[in-house]
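Me: I have a structure open and have not looked at it before. Can you walk me through it?

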Amino acid sequence: MSESLTTKQVAEHASVEKGLYIIIDNSVYKMDTFVDEHPGGAKILKRVGGKDASKQFWKVCSPSLGGG
(Lines give C-alpha, C1' and ligand atoms only; values in the text may rest on other atoms or scores of the structure.)
Protein backbone atom coordinates (compact mmCIF):
# COMPACT_ATOMS: atom_id res chain seq x y z
CA MET A 1 0.00 0.00 0.00
CA SER A 2 1.32 3.44 -0.77
CA GLU A 3 -0.41 5.40 1.99
CA SER A 4 0.84 5.47 5.57
CA LEU A 5 -1.41 3.85 8.13
CA THR A 6 -1.16 3.81 11.90
CA THR A 7 -1.30 0.55 13.84
CA LYS A 8 -4.70 1.70 15.09
CA GLN A 9 -5.96 2.05 11.52
CA VAL A 10 -4.60 -1.39 10.62
CA ALA A 11 -6.34 -2.86 13.68
CA GLU A 12 -9.64 -1.51 12.33
CA HIS A 13 -9.21 -3.88 9.35
CA ALA A 14 -8.94 -7.13 11.30
CA SER A 15 -11.42 -9.18 9.27
CA VAL A 16 -12.03 -10.06 5.64
CA GLU A 17 -15.20 -7.98 5.71
CA LYS A 18 -13.22 -4.92 6.85
CA GLY A 19 -10.32 -5.42 4.41
CA LEU A 20 -7.97 -7.70 6.42
CA TYR A 21 -4.75 -5.73 6.71
CA ILE A 22 -1.60 -7.16 8.24
CA ILE A 23 1.80 -5.68 9.02
CA ILE A 24 5.07 -7.37 8.05
CA ASP A 25 8.31 -5.57 8.81
CA ASN A 26 6.61 -2.17 9.10
CA SER A 27 4.79 -2.53 5.77
CA VAL A 28 1.02 -2.91 5.54
CA TYR A 29 -0.55 -5.51 3.27
CA LYS A 30 -4.22 -5.80 2.31
CA MET A 31 -4.93 -9.52 2.31
CA ASP A 32 -8.70 -9.84 1.93
CA THR A 33 -8.54 -11.01 -1.70
CA PHE A 34 -5.64 -13.40 -0.99
CA VAL A 35 -7.17 -15.27 1.96
CA ASP A 36 -8.51 -18.19 -0.07
CA GLU A 37 -5.24 -18.54 -2.01
CA HIS A 38 -2.87 -18.37 0.97
CA PRO A 39 -0.68 -21.52 0.96
CA GLY A 40 -0.97 -21.84 4.74
CA GLY A 41 -4.74 -21.53 4.64
CA ALA A 42 -7.16 -18.74 5.45
CA LYS A 43 -7.15 -19.46 9.17
CA ILE A 44 -3.67 -18.06 9.82
CA LEU A 45 -4.36 -14.83 7.94
CA LYS A 46 -7.62 -14.34 9.79
CA ARG A 47 -5.79 -14.93 13.10
CA VAL A 48 -3.25 -12.16 12.42
CA GLY A 49 -5.63 -9.74 10.71
CA GLY A 50 -5.20 -6.19 11.97
CA LYS A 51 -1.91 -7.07 13.68
CA ASP A 52 1.83 -7.22 13.13
CA ALA A 53 2.42 -10.64 11.58
CA SER A 54 6.18 -10.29 11.11
CA LYS A 55 7.09 -12.95 13.65
CA GLN A 56 4.65 -15.48 12.20
CA PHE A 57 5.69 -14.68 8.63
CA TRP A 58 9.42 -15.09 9.17
CA LYS A 59 8.90 -18.18 11.31
CA VAL A 60 7.73 -20.08 8.22
CA CYS A 61 9.39 -18.09 5.45
CA SER A 62 12.35 -19.44 3.50
CA PRO A 63 15.79 -18.27 4.65
CA SER A 64 16.47 -17.31 1.03
CA LEU A 65 13.81 -14.62 1.42
CA GLY A 66 15.47 -13.23 4.51
CA GLY A 67 13.72 -15.31 7.16
CA GLY A 68 15.19 -17.28 10.01
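Reply: What follows goes from the overall layout to the strands, the core and a few single residues. Keep in mind that this is a predicted model.

Me: Ok, how many helices and strands does the protein have?

Reply: There are three helices and two strands. Along the sequence they come in the pattern α-β-β-α-α.

Me: And how much of it counts as buried?

Reply: Of the 68 residues, 26% are buried. The accessible surface is about 4900 Å², and carbon and sulfur atoms account for 52% of that.

Me: What about contacts between residues at least 24 apart?

Reply: Among contacts that join residues at least 6 apart in sequence, 43% are between residues at least 24 apart.

Me: Let's do the strands. Which way do S1 and S2 run, parallel or antiparallel?

Reply: They run antiparallel, and four bridges join S1 to S2, which covers residues 27-30. Tyr-21 is opposite Lys-30, and Ile-22 is opposite Tyr-29.

Me: Which residues of S1 are buried, and on which side?

Reply: Tyr-21 and Ile-23 are buried on one side, and Ile-22 and Ile-24 are buried on the other, so both faces of S1 are covered. In a regular strand, side chains alternate between the two faces of the sheet.

Me: What sits between the two strands of the hairpin?

Reply: Two residues lie between them. Asp-25 is in that loop, and Asn-26 is in the loop as well.

Me: What is phi for those two?

Reply: For Asp-25 phi is near 50 degrees, a positive value although the residue is not glycine. Asn-26 also has a positive phi, near 65 degrees, and is not glycine either. For background, most residues other than glycine have a negative phi.

Me: Is Asn-26 buried or exposed?

Reply: Asn-26 is exposed, because its relative accessibility of 75% is over the 50% cut-off. Asp-25 has a relative accessible area of 42%, so it counts as partly exposed.

Me: Does anything else come up to Asp-25? What lies 2.6 Å from its backbone nitrogen?

Reply: A polar atom of the Ser-54 side chain lies at that distance from the backbone nitrogen of Asp-25. Ser-54 is in helix H3. Beyond residues up to four places away in sequence, Ser-54 touches Ile-23, Ile-24 and Asp-25.

Me: Why does Ser-54 count as buried?

Reply: Its relative accessibility is 12%, and buried means under 20%, so Ser-54 qualifies.

Me: Switching topic. Which residues make up the largest nonpolar core?

Reply: That core has eight residues: Leu-20, Ile-22, Ile-24, Met-31, Val-35, Leu-45, Val-48 and Ala-53. Strand S1 and helix H2 each supply at least two of them.

Me: Take Leu-45. What is it in contact with?

Reply: Leaving out neighbours within four places in sequence, Leu-45 is in contact with Leu-20, Ile-22, Met-31, Phe-34, Val-35 and His-38.

Me: I also clicked on Gly-49. Where is that?

Reply: Gly-49 is in the loop between helix H2, residues 42-48, and helix H3, residues 54-60. With a relative accessible area of 5%, Gly-49 is buried.

Me: What does Gly-49 touch?

Reply: Not counting residues up to four places away in sequence, Gly-49 touches His-13, Ala-14, Leu-20, Tyr-21 and Ile-22. The C-alpha atoms of Gly-49 and Ala-14 are separated by 4.3 Å, while the two residues are 35 apart along the chain.

Me: Last topic, charges. How many salt bridges are there?

Reply: A search of the whole structure finds one. Lys-30 forms a salt bridge with Asp-32, and the closest N and O atoms are 2.8 Å apart.

Me: How accessible are Lys-30 and Asp-32?

Reply: Lys-30 is at 41% relative accessibility and is partly exposed. Asp-32 has a relative accessible area of 21%, and is partly exposed too. The Asp-32 value is not under the 20% cut-off, so Asp-32 does not count as buried.

Key:
Residues numbered from 1 in each chain as written. Predicted model: local features only at pLDDT ≥ 70, side-chain atom pairs only at ≥ 80, totals over all residues. Heavy atoms only, no water. Buried < 20%, exposed > 50% of the residue type's maximum accessible area, 1.4 Å probe, protein only. Contact = heavy atoms within 4.5 Å. Polar contact = N/O pair within 3.5 Å; in protein donor to acceptor, adjacent residues only side chain to side chain. Core = buried A, V, L, I, M, F, W, Y, C linked by side-chain atoms within 4.5 Å. Pairing = 2+ DSSP bridges. Areas by Shrake-Rupley, 256 points an atom, 1.4 Å probe, with all protein chains shown as cover. Salt bridge = Lys/Arg side-chain N within 4 Å of Asp/Glu carboxyl O.
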